[in-house]
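Here are some notes to keep beside you as you look around this structure for the first time. They go through it in short numbered points, so feel free to stop and turn the view at each one.

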Amino acid sequence: MFDIATQLFDGQDIRFGPIDYEKDPEIESKWTHNAEFMRLYEFEPARPMSAAIVKKQYEKLEKKIEEDKNLYHFMLRARDDDRLIGKAVVSRIEWASGNCQLRLGIGSADDRRKGYGTQALKMLLRFAFAELNLFRVTANMAEYNEGAIALMKKFGFTEEVRRRQSLERDGRRWDLLVFGLLKDEWLNQAQA
Amino acid sequence: MNDIYTGRLVRFSAYDPEEMGKAFSKWARDSEYRRMSDARAASLPSTKQTIKFFEKDLEELSPAVHFFGVRTLADDKLIGELVLDVFDWAGRDAFVGLSIGERENWGRGYGTEMMDLMLRFAFTEVNLRRVTLTVFEYNPRAIRSYEKVGFRHEGRLRQFLNKEGRRWDMLFMGILREEWLEQTMERES
Amino acid sequence: MKDLFRGELVRLTSEEPELRAKHEARWQRDTEFHRLADGDPAELNSEKKIKAWTEKNIESGFNPERYPFSIRTLVDDKLIGFLGLWLNLIHGEAWVGIGIGERDYWGKGYGTDAMKLGVQFAFMELGMQRVSLGLHEYNARALKSYEKAGFKLEGRTRQDMLREGKRTDTLWMGVLRDEWLQLQRGAKP
């Protein structure tokens, strides 16, 4: 079933790609100017970022990847025209225990609800379990992030922790949910 | 106005990077200490390295991180450390972590008192709304201590750690300001 | 989920260092703008200096105590000014400062709209408990604008400024979270 020739980075409509310093900073800058994207992707307060700031973040990110060796970052790009759609991250890898954190974001509201998230998560899980040989993956999200929670259920993640009223947005408190998936669980549903 | 830094057994103290660095490097030589307080693979940093780490910490002072050394009242000995790390200012939630360096000081109520003092500091001085902590399944003494202090269980990351050839869960516990206020009032009445 | 960065007349942005520097250097040359906005003596900073300063900030990364924004109009996407929030995280207080550099956009509601966005952001995203500001008593337009945005006059420091041989007061205003929430409820039909 897992053939060495299988493409890790190719999905049906999207694929994983590297950072394009020429084109990506401006596109990502535009995403950050929409508070909704920031509130879905980050727990920290939303803030708009200029392309210069985004570029600096990419530089710091690539340096961190080099130095810490516990982080992988992928841009999600459309298969047909390589357009930047979102990003996917495997972070905080604890090699000795075989665990990590996953994060996924689709930048523009127009690109959501098109199945890209599902394709991206499928590839991300395969990367974490079949390429990095990790044992479990963790994902954190706000309870108001219905899209992310639906994705969790689809892939058989278990809601493991509910950090009660940890977040505050729009004047009300929200729980922070932590989901987990073990390798065996992934193998079972990947085979199904 | 109460002295928020002093309990009946221990008190918080400002830490001196050199003293803290030396202590830390010594404590880390007991791998059980290390495994109780840190998920990463155990290592043995030199005193030089740990001192540098604490000096760097002092330089990057931010309102988000509150780090204390802990000393016994009886003989003013440095026995441990405590950190409060505010990771979300809008939600006013912080991670708390503590460790007691030498095993002769374990199981003597120091940890419970340290956590008690830290919660008072967190809720009345830093004005937080909740405090979060993680603790490993193989540390039942700590789990009991935190339950006593008032933390509620909020779940566990299944089989998060791989130590000694078996897998262990990492537990999340949390306490809300309202819960702490209520229990504090009960205790004081 | 509303878009916090978009108001009725303006939106909050983060501009490229070069563009920002070009505009701000030009605005600074307008003494009237400067005297309305600032207490320091009018000075002329070069584009190069402003750009270098912006880039230095980018290099040092995000500061959770500081939220700087630029202001663009919705109708013609023109960069007309800036708004900044400085936070006292422990006490949940935000200080706000605003400047509309383009004269043609004075007195038309742009500043008020931007200020409303700033206040909303402070309460609804940063979880602050109050927003404060100071202004010169001779800035009548600003006083009206801030009142419209929900601020109440809280006090004045008498004769703390000297300009053109005349002593003037600084006015201090503030809006509390509950007051602001009330206003929002009142505004909804």
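1. A word on terms before we start: helices (H or I, at least four residues) and strands (E, at least two) are DSSP runs, and they are numbered from the N terminus. With that in hand, you can find Arg79(A) in the loop that joins β2 (72-78) to β3 (84-94) of chain A. Please keep in mind throughout that the model is predicted.

2. Is Arg79(A) buried, exposed or partly exposed? A residue needs 20 or more C-beta neighbours within 10 Å to be buried, and 12 or fewer make it exposed. Arg79(A) has 14 such neighbours inside 10 Å, so it counts as partly exposed. Leaving aside residues up to four places away in sequence, Arg79(A) touches Asp13(A), Ile14(A) and Arg15(A). Gln12(A) is 67 residues away from Arg79(A) along the chain, yet their C-alpha atoms are separated by 7.7 Å.

3. Now to chain B as a whole. Chain B holds 6 helices and 7 strands, and from the N terminus on its elements follow the pattern β-α-α-α-β-β-β-α-β-α-β-β-α. The radius of gyration of chain B is 16 Å, close to the 16 Å that the globule rule gives for 189 residues, so chain B is as compact as a globular protein of that length. Its C-alpha trace spans about 45 × 40 × 35 Å along the principal axes.

4. How much of chain B is buried? Of its 189 residues, 39% count as buried. Among the contacts in chain B with a separation of 6 or more, 60% come from residues 24 or more positions apart.

5. Helix α1 (residues 17-27) of chain B is a good place to look inside. Its buried residues are Met20(B), Gly21(B), Ala23(B), Phe24(B) and Trp27(B). The cover over these buried residues includes α2 (31-37), α3 (47-59), β2 (65-72) and β3 (78-88) of chain B.

6. In soluble globular proteins, nonpolar side chains tend to be buried together. Here the largest nonpolar core has 137 residues, and Leu124(A) and Met118(B) touch the most other members. Not counting residues up to four places away in sequence, Met118(B) touches Leu82(B), Leu84(B) and Val96(B).

7. Next, look at where the chains meet. Between chains A and B, 23 residues of chain A are in contact with 21 residues of chain B. On the chain A side, β5 (136-142), β6 (158-169) and β7 (172-182) each supply at least two residues. Which of the elements gives the most to this side? That is β6(A), with 10 residues. By class, this side of chain A divides into 8 nonpolar, 7 polar and 8 charged residues.

8. The contact between chains B and C takes 8 residues from each of the two chains. The side of chain B that touches chain C has 5 nonpolar, 2 polar and 1 charged residues.

9. Finally, turn to the sheet of chain C. This open sheet has 7 strands with mixed pairing, in the order β1-β2-β3-β4-β5-β7-β6. Why do β1 (10-13) and β6 (152-163) of chain C each have one side without a neighbour in the sheet? They stand at the edges, each with a single partner strand, so that side is left free of a neighbour. From one strand to the next, the twist averages 25°. Within this chain, β5 (residues 130-136) and β7 (residues 166-176) pair in the antiparallel sense over 7 bridges, and Arg130(C) stands opposite Leu176(C) in β7(C).

Methods: Residues are numbered from 1 along each chain as its sequence is written. Chains are lettered from A and ligands numbered from 1 in the order in which they are written. This is a predicted model: local features need pLDDT of at least 70, side-chain atom pairs count only at pLDDT 80 or more; totals for chains, interfaces and linings use all residues. Two residues are in contact if their C-beta atoms, placed from the backbone, lie within 7 Å. Ala, Val, Leu, Ile, Met, Phe, Trp, Tyr, Cys and Pro count as nonpolar, Asp, Glu, Lys and Arg as charged, and the others, Gly among them, as polar. Two strands pair if DSSP finds at least two bridges between them. Axes are lines fitted to C-alpha atoms, for helices over the stretch in contact, and angles run from 0 to 180 degrees between N-to-C directions. A nonpolar core is a set of buried Ala, Val, Leu, Ile, Met, Phe, Trp, Tyr and Cys residues joined through C-beta atoms within 7 Å. The radius of gyration is taken over C-alpha atoms; the globule rule is 2.2 Å times the number of residues to the power 0.38.
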